[in-house]
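Grab a coffee and work through these exercises with the structure open beside you. Try each task before you read its solution.

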Amino acid sequence: MMRKRRGISELYASLMLLIIVSSMGVVIYSYTVETTLSYEQYFVEKEARDSKRALERVSIVNAYGNTLSDNVNVTVYNYGEFDTEIIEVYLNDELVNTFFAGIDENIESLGLMEISFQSPLPIIEGEQYTIIIVSRIGVTYSYIWKK
Amino acid sequence: MEKRKAISAYIAVLFLVGLAVAGGVLLYSSMIGALSGINTNEMPQTLSLDTVKVVNATTCVAYVRNVGSESVTIDQAYIDDSPATSVDSVTISPESLETVRIRGTFVVGTTYDFKIVAKDLTQLVFSAKASF
């Protein structure tokens with residue numbers, strides 16, 4: 001004899017499957033969109049930063065120092081199309097800590113800036129020094145200076 | 001004939017809907033938990049070297065700048081592709097400069113290739129000649 005078994009209808013089953021698939025789709029879609037946008041923003045920012053770094057043009061045009069006071073003056077020329085700032089100076093790989101002028105100041109495009117600082121090393125007549133300056137966006141420029 | 005009793009269709013539907021919702025919530029929370037680690041906060045940032053100096057036979061000092069938008073924690077260092085004896089675990093905030101001390105064995109006149117690696121896999125490669 002045939003037994004009668006009861007269960008949910010095909011309509012309910014289809015609806016439930018539809019709900020499950022739809023909710024999974026929404027989760028995956030929202031995650032994908034969010035992640036893609038985050039990655040896009042990351043790469044846009046990185047490209048902008050790298051472009052700016054590549055386009056920055058700065059050079060040290062002159063340096064002079066005092067052997068008595070160990071004060072050093074460096075003249076920086078910005079020949080790029082963007083304004084810049086010098087935020088760090090090194091003398092023979094020693095970090096300069098004391099500045100008198102010119103640090104963290106805006107250097108306009110095609111502008112000059114004199115940076116004055118206390119040398120972390122004694123300035124000796126006839127000695128050669130390597131001056132490294134670092135711009136706000138992290139580009140370094142070096143200059144060999146012979147006193 | 002044996003008569004068997006079962007739950008009604010409505011209760012079965014409600015039960016299955018509840019099961020589906022609970023499964024969905026579990027799946028959602030586990031997916032979000034598993035995937036939340038993959039975001040731009042953990043994407044490699046940008047490090048820049050100001051300057052580097054081998055100060056003695058065992059220590060190299062690198063002035064490292066973070067030009068990215070998220071903090072970076074230096075985790076490991078390599079000298080000529082071999083792990084350094086040790087490296088300071090330094091966290092560098094965006095647009096900040098930190099001194100990173102890498103310890104190894106250095107011989108005067110030799111140029112060494114350094115690689116420092118952050119926890120988010122940001123890397124910085126540079127070389128320096130030992131001339132202390």
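**Exercise 1. Work out how exposed the partners of a salt bridge in chain B are.**

Start with Asp50(B): at 4% relative accessibility it counts as buried, where buried means under 20% relative accessible area, exposed over 50% and partly exposed in between (1.4 Å probe, protein chains only). Next comes Arg65(B), which is buried too, at 2%. Their side chains meet in a salt bridge of 2.7 Å, N to O; the term means a side-chain nitrogen of Lys or Arg within 4 Å of a carboxyl oxygen of Asp or Glu. Finally, place the pair: Asp50(B) sits in strand 1 and Arg65(B) in strand 2 of chain B, 15 residues apart, so distant parts of the chain are linked. Strands (E, at least two residues) and helices (H or I, at least four) are DSSP runs, numbered from the N terminus.

Before you go on, a word on the model: it is predicted, so local features need pLDDT of at least 70 and side-chain atom pairs count only at pLDDT 80 or more, while totals for chains, interfaces and linings use all residues. Residues are numbered from 1 along each chain as its sequence is written, chains are lettered from A and ligands numbered from 1 in the order in which they are written, and side-chain values use heavy atoms, with hydrogens and water left out.

**Exercise 2. Compare that pair with the salt bridge between Asp88(B) and Arg103(B).**

Begin with the distance, which is 3.0 Å, N to O. Then locate the partners: Asp88(B) is in the loop between strand 5 and strand 6 (91-92) of chain B, and Arg103(B) is in strand 7 of chain B, 15 residues away. Now check exposure: Asp88(B) is partly exposed at 23% relative accessible area, and Arg103(B) is partly exposed at 28%. Over all chains, the structure holds 7 salt bridges.

**Exercise 3. Explain the spacing of Asp50(A) and Lys46(A).**

First find the helix: helix 1 of chain A covers residues 10-55, 46 residues in total. From first C-alpha to last it reaches 66 Å, close to the expected 68 Å, which is 1.5 Å times one less than its number of residues. Asp50(A) and Lys46(A) form a salt bridge of 3.2 Å, N to O. Because they are 4 residues apart in this helix, about one helical turn separates them. Asp50(A) is partly exposed at 33%, and so is Lys46(A) at 25%. The buried residues of the helix are Met16(A), Val27(A), Thr35(A), Tyr42(A) and Arg49(A).

**Exercise 4. Trace the open sheet in chain B.**

Take the overall layout first: chain B has 1 helix and 9 strands, with the helix ahead of the strands in the pattern α-β-β-β-β-β-β-β-β-β. Four of the strands form an open sheet in the order 1-2-7-5, with antiparallel pairing; two strands pair if DSSP finds at least two bridges between them. At the edges are strand 1 (47-54) and strand 5 (86-87), each pairing on one side only. Strand 5 meets strand 7 (residues 97-103) over 2 bridges, in the antiparallel sense. There, Ser86(B) stands opposite Arg103(B).

**Exercise 5. Find the largest nonpolar core.**

Use the rule: buried Ala, Val, Leu, Ile, Met, Phe, Trp, Tyr and Cys residues joined through side-chain atoms within 4.5 Å. The largest such core has 25 residues, and those with the most contacts inside it include Val64(B), Ile102(B) and Phe114(B). Strands 1, 2 (59-66), 3 (72-79), 7, 8 (111-118) and 9 (123-129) of chain B each give two or more residues to this core. Now look around Phe114(B): leaving aside neighbours within four places in sequence, its contacts (heavy atoms within 4.5 Å) include Cys60(B), Tyr78(B), Phe106(B) and Phe126(B). A second, separate core of 23 residues includes Ala63(A), Ile115(A), Phe117(A) and Ile137(A).

**Exercise 6. Is Thr59(B) buried or exposed, and what does it touch?**

Thr59(B) lies in strand 2 of chain B and is buried, at 10% relative accessible area. Leaving aside neighbours within four places in sequence, its contacts include Lys53(B), Arg101(B) and Phe106(B).
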